[in-house]
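User: I am new to this structure and would like a close look at a single part of it. Could you take one chain, go from its overall form to one strand inside it, and then to what it touches?

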Amino acid sequence: MSVSTSAAGVPARLRTSWRHPATALAMTYVVGPVLTILCASFLLFAVLTLSPGDPVAQLLGPHASDSARAAMRVRLGLDDPLPERYWHWLTGALHGDLGTSLTYREPVSDLLAPRLLTTFVLVGMAAVLILVAGLVLGGIGGTSPRWRPLVNALAGLGIAVPAFVATTFLISVFAVNLGWFPTGGAGSGFTDRLWHLTLPAIALSIGYAAYLIQMTSSAIGEEAVAEHVLTGRGRGLPGSWVFRRHILRNAALPILTASGLTVAGLVAGAVVVEPAFGIDGIGSLLIRSVSAKDYPVVTAVSALIVTVFVVVTTLLDAGQHLLDPRLRKGR
Amino acid sequence: MATLTATLRLRRMSTRRPGDPLLMVSAALAAGLVVLAVIGPWIAPYDPAATDVLAASQGPSGAHLFGTDSLGRDIFSRALTGARLSFAGPGIIVLGSAGLGTLLALAAAWHGGWVDRLLNRLLTLLFAIPGVLVAVVAAAVFGAGFWAPVLALTLVYTPYVARVVRSVAVRQRQLPYIEALQLAGLPTWRICLRHLLPNVAPIVLAQATIGFGSALMDFGAVSFLGLGMQPPTAEWGVMVADGRSEVLDGAVQQSMAAGLCIVISVVAFNVLGERLTQRFGGTR
Amino acid sequence: MNNAPLLELRGVGITAGDRRNRRTLVRDVDLTVAAGETVGLVGESGSGKSMLVKSAMRLLPRHAATSGRIDFEGRSVLGFSRRELSAYRSRDVALIHQDPRAHTNPLRTIGDFLVEGVVAGKLLGPREARQRACALMAAIGITDPEHRLTQYPHQLSGGLLQRMMIVAALLPSPKLVFADEPTTALDVTVQSEVMAILQEQIRERNLGLLFISHDLDLAAAVTDSLAVMYAGTVVERGTTAEVYSRPLHPYTAGLLACRPSATAVTRLKPIPGRPVSAYEVASGCAFAARCPFATEECRKDRPQLRTVEDRLVACHRVEQIGAELAQVVHS
């Protein structure tokens, strides 16, 4: 704006080019998350490859000849240094090659593909349930002081019910006693699948929904008594106007964060719920592979879960950026 | 001076808002549960491992308060005995993560600069890996059992403690009394230990209490998945898993008893932690 | 035309709290603001002046209740329907808050903030409202008004933001402006500037002003008459010139005596003791505990406002202590 800054501006901007808004944005939303994913996947890869166990014996069985074993060691690159093995794994993974399962003896990607869909449907259903319950009940709790204690008590209880406890309760009541839903399995075909995944989705959503209810209720409740809302009411703005443009608009920021965090955590939650309902998704595959020490599968699935988590939280940050002018235009 | 700040803090803790019935009730409940967990194995009416095929899968009765499981073991005794292990895991997790988190947070708050940035990076990385996943991977590497999930979850819970404590410690760090102590020539470790630590301690306590509830759920989940405590050990997560086949036959008592134990404990510690946070004026 | 004053408060009391624990915050206050008159309401923090203004706009929080009569142009504010209240707040009165930062929504542009009162109240269309806002901004010396409309509160200084608050208050052309410590949150250097703008606009438009301040000097500089509040009651009321030059109530005299003087180096004389709230006063005069002239009567009977030399004073001993008070102020 003033002359002095624009005159000194050009060289200054060149010198500290990473401070440029666009560069800073790229750092925050691209480079940072990618680095996080790389670091996390390297950690997982390192820990899992260095852990005890003999993949060659697992693949070839106990009676293989020494020469076959040696050939397999070379093929798997077991004697290469760790960074090289990680690089090999990473480049493979980027081309869709996640290695070979030690127990199924087929490509990990072939194991993942069908199960991804199942898990995706489960997580999607749970996300819808969470968002609807969380926003509706949280909205009621936030806007109505009369209902707030009840909503808070419900949420406090819900947050204390772990998914695996909810699972047994739901199966007992709705599958065994009432017979409305199947006791397990993922079903086939669209409606059958939805029918099979209803109870698992509910079990998965209880804790997360309760968390979202709490966050929504307190965000709206806090915003409703904010001073700038008092300003609006003091200017004679209609109640609905104040609610929409000031209370809800401002509460949307923390609510968005909470919603995103719950959805990001859902895939990890599926790890617990899927085995409990005998659903053959990513979660069940992970647990089975851990028990069987099938490290390529464990590595692939955990890297996938971390990637989903980081991508969702990054999108969330970007959304915040769009919604909050204080972040948007620098400080 | 240490005595002075300590006394002031004690007075602040004891005098502010004396009556909080919810705090009292939840504190009493949590304390009662801890006592039960400690003495549980000694007061259990039956041997938790003793099977009695003739009395299998019974509903609650005078002889068996919570009924029996499919092997005829007394569920009440198993729940009571299992409380010790179910609390020991989360207890160690919370102590470990609170200690580690506080240490990291104080170091970051004190030094600022690159130490702070490094810690921040590290925490971001740890936040990116979901807790259950870390526990599961730990079980994959070190084998199922007590210690793998406990150590893994300790690591997972550290950033949560560190983040909250750091924000409080940074605020404290900027207060003039710290500078006064420095000018008085006190060594850094002494200021941190005797002055900074006591001031963040209430927040650590509140965080640890809430953390205990979550750790109880996560530790139970890992056992439920068969990657933590193994059957026939009496532990709540194991019991919920054990009871699953019985549920299909309509016998819900084992899963329900263990599940309710978990839910009640978590509610007690969550409410206590929330009230403590309110009282100490920290961030949630 | 009716001849009723713009704002008339009669016997107004405010209580707050829940059923078990009700506290009196304001007790039996009479106050009038005539059209075009500027009235100062002065007192220490906690004396109930802000509560009084909020009650006159029916902006008190849910747990507070108002008793007595509050009339605007002869119509009962407390009896307004929702629609009447909205019209009253949007076109008859305006409130300028103490802390402009907290009282503007950080997520909405200045343009939105300025015009939403008149747009929501359907006084002006959006385009016209923005033009008028720009004209008004230019009139009070804000540069580049068009650009300001697109900015966010965090991009403006406190002083500039408070000027925006004044623009927002004046845009609907109200008849009465409440200014609640409008300069207290600002830097000293911008205080006088903001004050000058406010005063100039009020005078030019011949508006009524109820100016609330803890600063007797400031209030005296901008108002025609003064009301001094202590512990939820008005203790002295009269024309500014008279009250300021010759206070009749010991509390007013105390306030005047404890100001630093710019011309003489003297030891400041603070009022002994601490300010009390209305609910802490059991019986007798609220100021008795801190009053050097208090007698047994003062501690037993609550003094009522009575007319003394053309103004109203709530003190039993006005006649006896006049000379000594003059001593207190001018020594």
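Analyst: A residue is called buried here if 20 or more other C-beta atoms lie within 10 Å of its own, exposed if 12 or fewer do, and partly exposed in between, with the C-beta atoms placed from the backbone. By that count, buried residues make up 44% of the 331 residues in chain C, which is the chain I will follow. This is a predicted model, in which local features need a pLDDT (the predictor's confidence in each residue, from 0 to 100) of at least 70 and side-chain atom pairs count only at pLDDT 80 or more, while totals for chains, interfaces and linings use all residues. Residues are numbered from 1 along each chain as its sequence is written, and chains are lettered from A and ligands numbered from 1 in the order in which they are written.

The secondary structure of chain C comprises 12 helices and 12 strands, where helices (H or I, at least four residues) and strands (E, at least two) are DSSP runs numbered from the N terminus. Chain C has a radius of gyration, taken over C-alpha atoms, of 21 Å, close to the 20 Å that the globule rule (2.2 Å times the number of residues to the power 0.38) gives for 331 residues, so chain C is as compact as a globular protein of that length. Along the principal axes, its C-alpha atoms fill a box of roughly 65 × 50 × 40 Å. Two residues are in contact if their C-beta atoms, placed from the backbone, lie within 7 Å; of the contacts in chain C between residues at least 6 apart in sequence, 67% join residues at least 24 apart.

Within this chain, strand β10 (residues 233-239) is the element to look at closely, and six of its seven residues are buried, so β10(C) is largely enclosed by the rest of the structure. Strands are said to pair if DSSP finds at least two bridges between them, and β10(C) has such a partner in strand β9 (residues 225-230) of chain C, antiparallel and joined to it over six bridges. Two residues lie between the strands of this hairpin, where Ala231(C) takes a positive phi near 50 degrees. β10(C) also pairs with strand β12 (residues 311-313) of chain C, again in the antiparallel sense, over two bridges. Glu236(C) has a place in both pairings: this residue of β10(C) is the bridge partner of Val228(C), and it stands opposite Val313(C) in β12(C).

Turning outward, chain C touches chain A through a contact that takes 20 residues from chain C and 17 residues from chain A. On the side of chain A, helices α10 (227-234), α11 (239-277) and α14 (325-328) each supply at least two residues, and α10(A) gives the most, with six. With Ala, Val, Leu, Ile, Met, Phe, Trp, Tyr, Cys and Pro counted as nonpolar, Asp, Glu, Lys and Arg as charged, and the others, Gly among them, as polar, that side of chain A divides into five nonpolar, six polar and six charged residues. As a neighbouring case, the contact of chain A with chain B takes 37 residues from chain A and 35 residues from chain B. There α8(A) gives the most to the side of chain A, with seven residues, and by class that side has 27 nonpolar, nine polar and one charged residues.
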